Amino acid sequence: EAEAEAEAEAEAEDAEMKGEDAAQDGQEAAASKEEEPTKSVEREEDAPAVKGPQIEAGACTFHTEDTTLNVMQTSNGKHLMALTDGGFQYLLAGARASVGLKAGRYMFEVMITENKNPGEPSGSRVQGPKPKNFVRVGFATEESSLILADGLENVCFDSEGFFVHGKSRVKGVSQKFGHSQVVAVLLNLDSSSPNANTISLFRGGERIAEPQPLPEALRGKALYPAVTYRNVTLQVNLGKDVMRPLPFKCLTVEEATVADSVVQKAAEPKDGKWEVVVPVGLPDEGTFDWLDGFMAKHRGYVELSDRALLDWAQKSGLQRQGGFSKRSNNDKPDLNFGLTLLDDYGVQKVIAMVAPMLPRNYVVMEVKNNLLEDGRRKLLERFSSHEFRKVCHVAVGEPPAEFKTSVLDRTLKEKQASAEAAAKRRKAEAAKKKLAEEAKKKREADQKKKEAARKAKEAKEAAKKEGEEAAEGEEEAKEEDATMEEAAEEKEPEEEEVKVELTEEEKERNFFKRDTPDLAPKELATHYMKFSLPKKEEGFDDIVYAWQGAADCQAYLTSWVQDRKVTQRVEDLQPSEWFKGKFGEWQKLLNAWKKKQQEARDAMQRKKSAAAKKKAAEEKKKPAEEGDEEMKEEEQGAEEASEELKVEINVDDLDVWNVEDVTDIGNGEPLFANFTYEDWALLSLRMEMHLLVHAFRRDLNDPERPAFLHEHVPFYYGRYFKKAFTPKNFGVSTFPEIVDMIKDTIEIAKNSTLESNIDDDAPMDNFAKLTEDHRRDRQRRADIGDESAILKFPRTQAAPVASSGGCGGGKGADKGAGGRQAASGRPTYGGGGGGARQAGGGRGGGGSAIVGGGRSYGGAAPGPAASRGGYGGGASSGYGQKRPYPAPAGGDYAYPGAKRTGSYGAAPGGAYGAGAYGSPPPPPGNFGMPSPYGAPPAAYGMG
């Protein structure tokens, strides 16, 4: 049975292999039929006998340093595979052979032995680059990129039928090739050949591309065989055994003579170890410029950085949202490819695992991590000390003269290019304007010409005898045409000569100013305090100080960090208990003051109303007769009010700093009685800025950083007060304008930091006095015509703390309870209705508060006399209550019967009955148990 099963499996495998062979033959035949090569006379001749010594056997291969990181060589370099995990499936792989040709005629062969089809993970917003399976074959110089079609130092044919050099892609001169098809790339540098300095392509031994001239940039240089591919496995034949013979005898690259070729030897590790270079430099101080200079001098090193990855992706034909030049920062830019595997940093993860296994030199460029001791240690742990020598290059401090000169040259070059681009734009705009003017003149000339022709015709028809005059008119029209032609033939304006010079400030720069920062602002603010210079104890074999000595670098870093303490935000700063306690105390005090202002206004209104009634009664001159009890009480109240009005104090004449109690200046009126919306807003702002400045100093507890820049106020204000800070809410557009309004409290110092003019333990009453003093000053200036003293803040948002409701109305001896401000975030409950006089004043349960966008929670109707002041269960349309609940006779609160959907239910947090009187009711004059919504202090007592 086992033998039978094995035999069946073998037959199945044979059938499958035959099917694959048939499919491949069919594919090759279809491709050949689809694109039949153009038959032409072959001008290439058989290669003559080899003269002179040839290169050594095995010298022509692919060195590891001449391949991209995703190239995997097998079969002694005859097969080239590529990584496809973690997003590598989207990146091109490139390899350049070790033998360059400078004369003669030679060829090499390539065949696609495997097409890979990696799946697309879910979550990708875009598709990967097309075609998924792709190959380029050609020649490149030693200075060329490893990716063919990148730059002008290479030339190639691709599997889609294009001939490519740089950005030029020519179709029609070649044909496509695919799986299992052998293509040969022929380079003819034989000066005696009719096809000298050309490159050709053959498929299956037949020509599919006529000889294409080599670009001028490649002539006279040694050219190396090169391939670029994606999601395929290639068999590359550089040797003597040709897979598909050409119509003529041709030598392969491995058969090149010593005179016709240049052989590159494989890089040898220094002291038997490859090198890992870790650059350490400060953000925006030439770190990447130093790296560019290092890479230019050490071409065998591979840069491992996110910057290099973006460059690789761009060469691979990927599209990035916003383009490749737009980056948030240089160290860790957002990838934004829309491809899940790439955007999740999958490629970086694979490189971190693969790089330590590949024998080559690396430069690991990470600005932030290389400045952190923990980051450096984790990096060095990935590379074995037996295979890699770990060297740190410190580029910190003042750079050398050579570096400064390069910075000035680059700055001048960039400035010159910018000026020339601006000149071109001006020229284009002027040309466009001139064309528009010429078109307008031409239209006007055509109109005049038509008009002249019409008049001439009319004159000719009206009076044939006046032919001479008509002729004169025609002559005038011709003269006008000639004038227009002369105007059109005006000379083109000469090219604007653009010449720029560096300013004194630009000449003093030690580093090139980039548009993109090296680190994201948040990353810099979070980690700069931990930046340090490397030590050998971290695992380095050597530390090289590129610009200054170790001591000078350390002093420079210390000074740099100190400067950043003033300019950088503290991202992890959190409000302390001191701040929370002070701010909570302030909120309660502010609510009490606003309530006091409302009560004072209500009392004043009642006094004025009583005085007005008394005056009206005196005017009627009616004899004092016995009236009803109600009229006597009203008169008595009016007399009392009149007596109270006699004690008048002019608030504006008081010195605010002599007022001992801001809630009573001596006549029951608070100091802030005349505050408007703008005054309350400025009062709150004064206290908030005062608390913010002192809380920052206390919470950070850093003597070297006692204050923060005024530009950072929105950040710290949001962090502490949990709301946005917008100058427009105060009628201005900048923070310095706000400071000008409250300069008695805070000021901007010379170093642009924010400082408080008041001690952190100052009484909170002082801020009310400052606000009143400021209000009076504005009033005086407004009285003499200074319109700038009149403040009008937009009321797009509610006031910092909502004002409380007033007492309920009614004629009872005891009015309804005054409304009160609820806890933070809750609606304000207004006063209820007044109860019947004999009942001791019932109180309604609601006011006018909008809750969650619903309708108002209506106040309860006045309770009947028998209710003894019980709370009525007023209807609550905002909560969907279906009917009101009457107050019981026992003085208890009326609760809704059951908690149900849409109802103002009986839950303790939702029912207004949480502060109900006990049953039986307490004695007259006493309140029940206190609670958040129980009898407020402002309410009148019972009986």
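**Exercises on a predicted model**

The largest nonpolar core of this predicted model has 68 residues, and those with the most contacts inside it are Leu69, Leu304, Phe337, Tyr362, Val394, Phe531 and Trp560.

**Exercise 1. Surroundings of a core residue**

Determine which residues phenylalanine 531 is in contact with, leaving aside its neighbours within four places in sequence.

Solution. Begin with the core: Phe531 is listed among its residues with the most contacts, as is Trp560. Next, list the contacts of phenylalanine 531 beyond four places in sequence: Pro283, Lys368, Leu371, Leu372, Leu519, Leu524, Leu557 and Trp560. Finally, note that another core lies apart from the largest one; it has 53 residues, including Leu590, Phe675, Phe721 and Leu791.

**Exercise 2. A strand and its partners**

Establish whether histidine 393 is buried or exposed, and describe the strand in which histidine 393 lies.

Solution. Step one locates the residue: histidine 393 belongs to strand β20, residues 388-395. Step two applies the cut-off: buried means under 20% relative accessible area. Histidine 393 has 13% relative accessibility and therefore counts as buried. Step three extends the view to the strand, where seven of the eight residues of β20 are buried. Step four identifies the partners. Strand β17 (residues 274-281) runs parallel to β20 and is joined to it by eight bridges, while four bridges join β20 to strand β21 (residues 542-545), also in parallel. Cysteine 392 of β20 is the bridge partner of valine 278, and cysteine 392 stands opposite isoleucine 543 in β21. Step five returns to histidine 393, whose contacts beyond four places in sequence are Val277, Val278, Pro279, Val280, Trp290, Phe294 and Val544.

**Exercise 3. Order and edges of a sheet**

Identify the strands at the edges of the open sheet of six strands.

Solution. First, write down the strand order, which is β3-β13-β6-β7-β8-β9, with antiparallel pairing. Then read off the ends: β3 (93-96) and β9 (168-171) each have a single partner strand, so one side of each is left without a neighbour in the sheet. The average turn between neighbouring strands of this sheet is 20 degrees, direction ignored. Inside the order, the antiparallel strands β6 (residues 134-140) and β7 (residues 154-158) are joined by five bridges. Valine 137 has phenylalanine 157 of β7 opposite to it.

**Exercise 4. Packing of two helices**

Classify the arrangement of helices α13 and α15, and state how the residues of their contact divide.

Solution. The axes of α13 (residues 577-620) and α15 (residues 677-700) come within 10 Å and cross at roughly 170 degrees. Since angles over 145 degrees count as roughly antiparallel, α13 is roughly antiparallel to α15. On α13 the contact includes Trp578, Phe579, Trp586, Leu590 and Trp593; on α15, the residues include Trp680, Leu683, Met687, Leu691 and Arg698. The contact residues divide into eleven nonpolar, three polar and four charged.

**Exercise 5. A residue of helix α8**

Describe the exposure of lysine 404 and state which residues lysine 404 is in contact with beyond four places in sequence.

Solution. Lysine 404 is placed in helix α8, residues 401-462. Its relative accessible area is 23%, so lysine 404 is partly exposed. Outside the four-place window, lysine 404 is in contact with Glu398, Pro399 and Asn510. Arginine 509 and lysine 404 are separated by 105 residues in sequence and by 7.9 Å in space, C-alpha to C-alpha.

Conventions. Residues are numbered from 1 along each chain as its sequence is written. This is a predicted model: local features need pLDDT of at least 70, side-chain atom pairs count only at pLDDT 80 or more; totals for chains, interfaces and linings use all residues. Side-chain values use heavy atoms; hydrogens and water are left out. Buried means under 20% relative accessible area, exposed over 50%, partly exposed in between (1.4 Å probe, protein chains only). Contact means heavy atoms within 4.5 Å. Two strands pair if DSSP finds at least two bridges between them. Axes are lines fitted to C-alpha atoms, for helices over the stretch in contact, and angles run from 0 to 180 degrees between N-to-C directions. A nonpolar core is a set of buried Ala, Val, Leu, Ile, Met, Phe, Trp, Tyr and Cys residues joined through side-chain atoms within 4.5 Å. Angles under 35 degrees count as roughly parallel, over 145 as roughly antiparallel, 65 to 115 as roughly perpendicular and the rest as oblique. Ala, Val, Leu, Ile, Met, Phe, Trp, Tyr, Cys and Pro count as nonpolar, Asp, Glu, Lys and Arg as charged, and the others, Gly among them, as polar.
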